[in-house]
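This report works through a single protein chain, moving from its overall make-up to the packing of its interior and then to selected positions at and below the surface. Please keep the sequence and the structure in view while reading.

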Amino acid sequence: DMVLRIETELYLKSLIVGGMDKVYEVGRIFRNEGMDTKHNPEFTSIELYQAYTDYHGMMDLVEELYKKLATEICGSTKITYQGIEIDLGKWERLTMVDAVKKYAGVDYNDWKSDEDARADAKKHHVEVPADATAGTVLVEFFDAFVEDNKVNGIYLHSAV
């Protein structure tokens, strides 16, 4: 049988568990979960893992990787992509909550209930299902207000 892989994660994590300190792979990924405007069914990704660190260490590693690559390949950390200058030497680290607060002016922590979240969505013309939870509303605010502002590197980490 021949199959197109859908991820590199499990193989790399197995290597870390098996004793390797650092692993990475640049690989082709094929997805068939359904067609929509937000997901490519085929793409190339780089996936990397490192033992004995936390997500801050991984963010440091990725930042340094992009800075080094940009400098080696382009001669500078500043590149122009589709007419927009991007500085790969400057990265902003935000939680999803902080990113929505910065770009939408809405604070997840002000919502006392799912109803409060849905009311804020209605006020800001963000479409959500009638039974949306505050978490779902946060994701929709992110899609509506933050996605288009992710030009220079923004890390979204899980701390809420």
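## A threonine between buried and exposed

A residue is called buried when its relative accessible area is under 20% and exposed when it is over 50%, with partly exposed in between. The model is a predicted one, and in it Thr71 has a relative accessible area of 38%, so Thr71 is partly exposed.

Thr71 belongs to helix α2, which covers residues 55–74. Once its neighbours within four places in sequence are set aside, Thr71 is in contact with Ser76 and Thr77. Gln50, by comparison, is separated from Thr71 by 21 residues in sequence, and the distance between their C-alpha atoms is 23 Å.

## Overall architecture

The protein contains five helices and six strands, which follow one another along the sequence in the pattern α-β-β-α-β-β-β-α-α-α-β. Its C-alpha trace spans about 50 × 45 × 35 Å along the principal axes.

Of the 160 residues, 28% count as buried, while the accessible surface of the protein comes to about 11200 Å², with 53% of that area belonging to carbon and sulfur atoms. Where contacts join residues at least 6 apart in sequence, 47% of them link residues at least 24 apart.

## The largest nonpolar core

In soluble globular proteins, nonpolar side chains tend to be buried together. Here the largest nonpolar core has 17 residues, and those with the most contacts inside it are Val100, Val106, Trp111, Val137 and Phe141. Helices α3 (96–104), α4 (114–123) and α5 (134–146) each supply at least two residues of this core, and the largest share, six residues, comes from α5.

Val100 illustrates how this core is connected: leaving out residues up to four places away in sequence, Val100 touches Gly105, Val106, Leu138, Phe141, Phe142 and Val146.

## The two sides of helix α4

Which residues of α4 are buried? They are Ala117, Arg118, Asp120 and Ala121. Viewed down the axis of α4, these buried residues fall within an arc of 155 degrees, and therefore they line one face of the helix. An α-helix has 3.6 residues a turn, so residues three or four places apart point the same way.

The buried residues of α4 pack against α5, whereas Lys122 and Lys123, on the other side of α4, are exposed. After α4 comes His125, whose phi is positive, near 60 degrees.

## Neighbours in strand β2

Strand β2 covers residues 42–50 and includes Ile46; Ser45 is also placed in strand β2. Is Ser45 buried or exposed? Because its relative accessibility is 18%, Ser45 counts as buried, and apart from residues up to four places away in sequence it touches Glu25, Val26, Gly27 and Ile29.

Ile46, with a relative accessible area of 38%, is partly exposed. On the surface, Ile46 forms a nonpolar patch together with Tyr24, Val26 and Tyr66, and the accessible area of the four residues together is about 420 Å². Val26 thus appears twice in this part of the model, as a member of that patch and as one of the residues touched by Ser45.

How values were computed:
Residues numbered from 1 in each chain as written. Predicted model: local features only at pLDDT ≥ 70, side-chain atom pairs only at ≥ 80, totals over all residues. Heavy atoms only, no water. Patch = residues over 30% accessible without salt bridge, like charges linked within 9 Å, V, L, I, M, F, W, Y side chains within 5 Å. Areas by Shrake-Rupley, 256 points an atom, 1.4 Å probe, with all protein chains shown as cover. Salt bridge = Lys/Arg side-chain N within 4 Å of Asp/Glu carboxyl O. Helix = DSSP H or I, 4+ residues; strand = E, 2+ residues; numbered from the N terminus. Buried < 20%, exposed > 50% of the residue type's maximum accessible area, 1.4 Å probe, protein only. Core = buried A, V, L, I, M, F, W, Y, C linked by side-chain atoms within 4.5 Å. Contact = heavy atoms within 4.5 Å. Arc of directions from axis to C-beta.
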